[in-house]
Amino acid sequence: MSYDQQYQQSLIDPNGYWLDKAKQISWYKMPSIGLNEKSNDGYSWFDDGVLNTCYLAVDQHVEKGRGNQIAFYYDSPAAQVKQQISYAQLQQQVSTFAGAMRDLGIVKGDRVIIYMPMIPQAAIAMLACARIGAVHSVVFGGFAAHELAIRIDDAQAKLIITASCGIEFDRIIPYQPLVNKAIQLAVNKPLKTIVLQREMSLAELDVKQQISWSEFVKNVIPADCIAVKSNDPLYILYTSGTTGKPKGIVRDNGGHAVALKLAFNDIYGMSEGDVWWAASDIGWVVGHSFIIYGPLICGASSVFYEGKPIRTPDSGAFWRIINEYKVNSMICAPTAFRAIRKEDPIGEYVKKYDLTSLRWVFVAGEKLDSSTYQWLSELLQVPILDHWWQTETGWPMTAPMMGWDNPAPARLGSTNKCTPGYDIKVLSIEGEEVSIGEVGNICLKLPLPPGASTAIWNQPDRYKDAYLSLFKGYYHTGDGGYKDDDDYIYITGRTDDVINVSGHRLSTGEMEEVVSTHTAVAECAVIGVHDSLKGQIPIGLVVLKAGVEIEIDQLQRELVADVRRQIGALACFKRVFVVQRLPKTRSGKILRAVLRKIAANETYQAPSTIDDPAILQEIEQLLSTECQHA
Ligand code: COA
Ligand code: AMP
């Protein structure tokens, strides 16, 4: 069957299409209902299905006699450890940890925060939650205590699982003080904190509140997988939105498992026994879907890498991994390849390794620039495949279907065509479909396919406001872009206040909240400007309070420290500019869309409602002279 036939089938008969796909995973009770459409654009999938995601990811492989196959290749140049974990070993460790959580009183539906570096215990903790129906919420290790506290409170977490430290290149980052501070800041106090002690930096535990991992699992009777409903939540993953408060994206069990089975087999073209590497972090959606759940549900071996592309110990780190584990395919953010290219522009390190196992490389998370694409294609001599998705969808919306007979060939600048179930329309702000080649708002016709989130934790109205209110009958992705004659999609960038720094999704609104609390600041705007390595970096435009005198260097130092302390180092907030005023409408709204265009060096039109058009030129000039490094 051609791409068009298969894809069209998913749109014409979504119910039949996805019920058929549902048969490819094991259920305790196979769903008889596929799509359940409700009033007001509401819908759900597989309402009467019952299953367990941990069973699919772990136990089923052991039951099928494949317990000796490697589930994870843990490779940590950071900690100088290599470890192979088979499916049988994983089952033993996950069921024991799940048993310990059960004994502590964690039950189905309880929320568990996991704040850990890239160590296998993080995966074990996630799978153990899934096993007993607890809802995990993984927080990326680069976030500061304040951000962790926000998530502890929003999720009303009953338990925190952490490690004594993370490692950034050769820098040890103790996690314990961050977690302690977060618990102190949080209104909701978790029952306990479980701490995995790493030998390079042991944490001092407070015996009343904290238990070491090794103590926690002593003499425990392992827990079995429990049956959960398809629509019961598997996890909450917080992501940045336009406003300051992060959005807790909720993922179900059944739709997620069905979608990841299709994505791993049909999009990434991977099968049982293949070796796969998602060079990301469990704190991001890529880590959830394609370090852990996707490859394990499909019975592949997943590389679990704690390190960086460069300086671990050199810029051949990625090529060593591919060579050593015979990686068949991988996914990574372009920024990592830009980092390698900067250190090793002619690809000297590639020559040291045998990369013949590699079939293709997927990239996502931010725009793939043509120069990185060319460099990587020539260097690796395999297809470099751009594809596009977001935390909310949980799996790709546009991608080549590498597991199908005739995947659509890559086109430079495009993230390829729609994957099954995603019906993309490019809409004008009035909600009309724009012409071919014209840039507009990238929207998805409702209902979205299984796996895509339909809820923000505890805030049903926020989901509707954020995604469904602007274009009736559509999910608004927040990305801009266009289609070509053959329905290839081209993503031009965010149309809201979300920026992408080193493939990390961040909210400029959140940074503005921090900057604006400084005593010298009257008002501010944080915008993303182009950066040749990180894709984008945030800069602050600040108006000082009348009469305040402060050296710009000192102000910048203080603001940079504030953002680092409140949000985290990953924000990469390093530049501040003092301006006399910010561009506003006559009613006092800062013209953020115009600022974004200026920052992106795009043509813009000053709205007729602007109170003082001259300020736009001033800012344009300031950015063009001051941001030339970027
Ligand atoms: N824990 C603590 N700190 C962290 C961290 C973590 N898990 N991750 C990043 N940081 C810190 C870094 O140490 C750095 O701190 P510094 O300012 O003191 O040097 C800061 O946050 C910025 O980090 P980053 O922008 O990531 O730079 P880097 O040099 O550490 O790494 C890359 C560069 C390209 C390797 C890395 O950004 C990367 O792998 N990005 C891909 C992201 C991704 O996978 N996205 C998912 C989509 S596929
Ligand atoms: P996240 O939710 O962290 O995965 O980030 C999702 C956002 O990253 C998307 O909304 C896009 O803005 C951006 N993004 C993801 N993949 C791509 C891609 N291939 N090209 C351009 N932008 C992308």
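Okay, one bit of bookkeeping before the pictures: when I sort residues by class, Ala, Val, Leu, Ile, Met, Phe, Trp, Tyr, Cys and Pro count as nonpolar, Asp, Glu, Lys and Arg as charged, and the others, Gly among them, as polar. Also, keep in mind that what you have on screen is a predicted model.

With that sorting in hand, let's go to ligand 2. The shell around ligand 2 breaks down into 5 nonpolar, 6 polar and 6 charged residues. And who comes nearest? Out of the 17 residues around the ligand, the nearest are His387, Thr391, Asp479, Arg494 and Arg505.

Now the polar contacts. On the backbone side, a polar atom of Gly365 sits 3.0 Å from a nitrogen atom of ligand 2. Glu366 also brings in a polar backbone atom, 3.3 Å from a nitrogen of the ligand. Then there's Asn500, which uses its side chain: an N or O atom there is 3.1 Å from an oxygen atom of ligand 2. How much of ligand 2 does the protein bury? Taken alone, the ligand exposes 490 Å², and the protein buries 93% of that.

Okay, moving on to helix H15, residues 508–515. Is this one enclosed or out in the open? Well, 7 of its 8 residues are buried, so H15 is largely enclosed by the rest of the structure. The buried ones are Thr508, Gly509, Glu510, Met511, Glu512, Val514 and Val515. I also like how the helix starts: Ser507 caps the N-terminal end, with a side-chain oxygen 3.2 Å from the backbone nitrogen of Gly509.

Last stop is helix H9, which covers residues 254–267. I picked out two residues here, starting with His256. His256 counts as buried because its relative accessibility is 2%, and the cut-off is under 20%. Setting aside residues up to four places away in sequence, His256 touches Leu234, Tyr235, Arg251, Tyr293 and Gly451.

Then Ala257, also in H9. Buried or exposed? Buried, because its relative accessibility is 0%. Leaving out residues up to four places away in sequence again, Ala257 has contacts with Ile25, Leu51, Leu56 and Ile297. And here's a nice one to find on screen: Ala257 and Ala57 are 200 residues apart in sequence, yet their C-alpha atoms are 9.2 Å apart in space.

That's the tour, happy to go back to any of it.

Terms used. Residues numbered from 1 in each chain as written. Chains lettered and ligands numbered in written order. Predicted model: local features only at pLDDT ≥ 70, side-chain atom pairs only at ≥ 80, totals over all residues. Heavy atoms only, no water. Helix = DSSP H or I, 4+ residues; strand = E, 2+ residues; numbered from the N terminus. Buried < 20%, exposed > 50% of the residue type's maximum accessible area, 1.4 Å probe, protein only. Contact = heavy atoms within 4.5 Å. Near = heavy atom within 4 Å. Polar contact = N/O pair within 3.5 Å; in protein donor to acceptor, adjacent residues only side chain to side chain. Areas by Shrake-Rupley, 256 points an atom, 1.4 Å probe, with all protein chains shown as cover.
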